[in-house]
Amino acid sequence: MTVQPERLPPLRRAAMLFLAALLMTGCASYIRLDPPPATETEDIPVLGLPNARFWLDASPERLIREGRMMAEREAATAQGRPLGPQNFLALSGGGDNGAFGAGMMLGWTASGTRPQFNMVTGISAGALIAPFAFLGPDYDPALRDVFTGQRAQDILLLPRQVAAVFSLFFGEAIADTSPLSRLIARHANEEMLAAIAAEYAKGRLLLIGTTNLDVQRPVVWNIGAIAASGHPDALGLFRRILLASASIPGAFPPVLVEVQHQGRVFQEMHVDGGATMQVFLYPPTINLRGEERGRWGPRQRTAHVIRNGRVDVEASRTPRGVLSITRRSAATLLHYSGLGDISRIHLTTQRDGVGFRVAYIGREFDHPRREPFDPAYMRALFDYGFERGRLSDGWRNEPSTVGVMGAD
């Protein structure tokens with residue numbers, strides 16, 4: 001005997017409908033081209049450039065080669081003058097908490113102690129800060145605008161309740177990031193790309209991280225090499241990399257990057273770099289002391305890490321529900337993943353004789369957040385970061401231990 005769904009108990013009927021929706025998602029997937037063969041992905045050049053990107057979990061030889069070329073370009077620019085200290089900047093992800101890092105950069109400028117960075121790396125929200133931080137204080141007004149001059153709807157569009165349920169089951173993301181794409185296009189323009197190319201020629205690196213979801217691997221894009229290529233698709237790729245790095249899986253749509261291999265066009269699916277790492281500098285497989293030996297004289301180096309988030313955790317009562325438990329668990333996973341990344345950077349820099357400084361949102365910041373990308377919250381956090389940068393009291397010399405803010 002066949003049982004009609006409407007005669008089932010409500011809970012069981014809901015479970016059957018949910019299962020049916022999940023089974024139907026395979027039929028409702030978005031059309032895309034095939035990804036390249038997984039075993040060959042690592043060796044496929046993008047825009048014809050062998051150094052357009054690096055794989056942090058692969059052999060470090062290509063990244064080491066890029067570092068050597070970086071040093072040669074820097075030496076050529078110096079024209080025989082002694083090379084000064086090197087400064088590295090690593091910017092983490094954090095969503096709307098990126099307002100902290102943006103404020104830190106402008107406050108750092110106001111303090112008069114902000115250095116020029118030899119290398120800047122960025123993930124997610126940090127990726128949106130990175131080009132401005134790389135190009136220097138002249139780009140501070142634009143950086144301020146990105147993180148304090150927008151409304152929530154200028155970043156993403158959230159669907160109505162019914163549409164949200166449909167997107168959850170049948171779409172590739174909950175939110176529409178076309179507003180963020182337009183914001184990126186407004187600032188990441190030909191002028192910015194040319195300025196990045198000019199700095200790359202002087203021996204400076206700008207690296208942005210994404211996650212290749214097809215092969216589940218972290219990818220680091222060499223923005224300077226892409227900018228200097230002169231390729232007609234360089235600007236479009238730059239914009240897509242920035243959007244991909246900030247595309248939280250499930251919440252924001254993934255970004256497809258076209259590559260050509262053996263006469264065929266493939267599409268790689270890229271999402272938020274935070275899916276594989278929250279912040280990065282250079283892989284531990286590269287030893288700067290070893291690279292330095294026999295090539296050029298010892299140099300003072302300092303790594304600055306900005307965590308667009310907290311180190312302490314906020315205790316709260318977790319409701320007994322699938323979504324609340326999943327959301328809380330994911331937040332916990334990302335929190336400790338970020339702390340682990342910072343600890344790895346700290347240990348690597350200690351081994352290599354590189355100075356280490358880290359800044360993060362302190363316990364004293366307690367402005368309420370009404371919704372994601374709440375303008376009032378972001379402005380308050382920007383101002384807080386600005387003061388920490390201006391007063392230079394936001395920096396620590398080693399990762400902090402985790403504390404608890406308090407319970408409800």
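**Salt bridges, cores and cavities in a predicted model**

User: Which side chain meets that of R370 in a salt bridge?
Analyst: The R370 contact has a length of 3.1 Å, N to O, and a salt bridge here is a side-chain nitrogen of Lys or Arg within 4 Å of a carboxyl oxygen of Asp or Glu. This is a predicted model, in which local features need pLDDT (the predictor's confidence in each residue, from 0 to 100) of at least 70 and side-chain atom pairs count only at 80 or more, while totals for chains, interfaces and linings use all residues. Residues are numbered from 1 along each chain as its sequence is written, and side-chain values use heavy atoms, with hydrogens and water left out. The partner of R370 is D374.

User: Is D374 buried or exposed?
Analyst: Relative accessible area decides this, with buried meaning under 20%, exposed over 50% and partly exposed in between (1.4 Å probe, protein chains only). R370, the other member of the pair, counts as exposed because its relative accessibility is 67%. At 1% relative accessibility, D374 counts as buried.

User: How many residues apart are R217 and E42?
Analyst: Their side chains meet in a salt bridge of 3.0 Å, N to O, and E42, D57 and R217 are linked in a network of such bridges. R217 is buried at 17% relative accessibility, whereas E42 is partly exposed at 26%. R217 stands in strand β5 and E42 in the loop between α1 and β1 (helices are DSSP runs of H or I with at least four residues, strands runs of E with at least two, numbered from the N terminus), so the pair links distant parts of the chain. The separation along the chain is 175 residues.

User: In which helix is D140, the salt-bridge partner of R114?
Analyst: R114 and D140 approach to 3.0 Å, N to O, in their salt bridge, and both residues are buried. R114 lies in the loop between α3 and β3, 26 residues from its partner. The helix that holds D140 is α5.

User: How many residues has the largest nonpolar core?
Analyst: A nonpolar core is a set of buried Ala, Val, Leu, Ile, Met, Phe, Trp, Tyr and Cys residues joined through side-chain atoms within 4.5 Å. Among the residues with the most contacts inside the largest one are I196, W221 and F238, and I196 touches F238 as well as others including F134 and L206, where contact means heavy atoms within 4.5 Å. The number of residues in this core is 74.

User: What is the phi of F373, a residue other than glycine?
Analyst: Most residues other than glycine have a negative phi. F373 is found in the loop between β9 and α13 and counts as buried, because its relative accessibility is 13%. Its phi is positive, at about 60°.

User: Over residues 159–171, the pLDDT is below what value?
Analyst: For the protein as a whole, the mean pLDDT is 86, and 84% of the residues reach 70 or more. Residues 16–28 stay under 50, with eight contacts beyond four places in sequence. The stretch 159–171, which has 17 contacts beyond near neighbours in sequence, has a pLDDT below 50.
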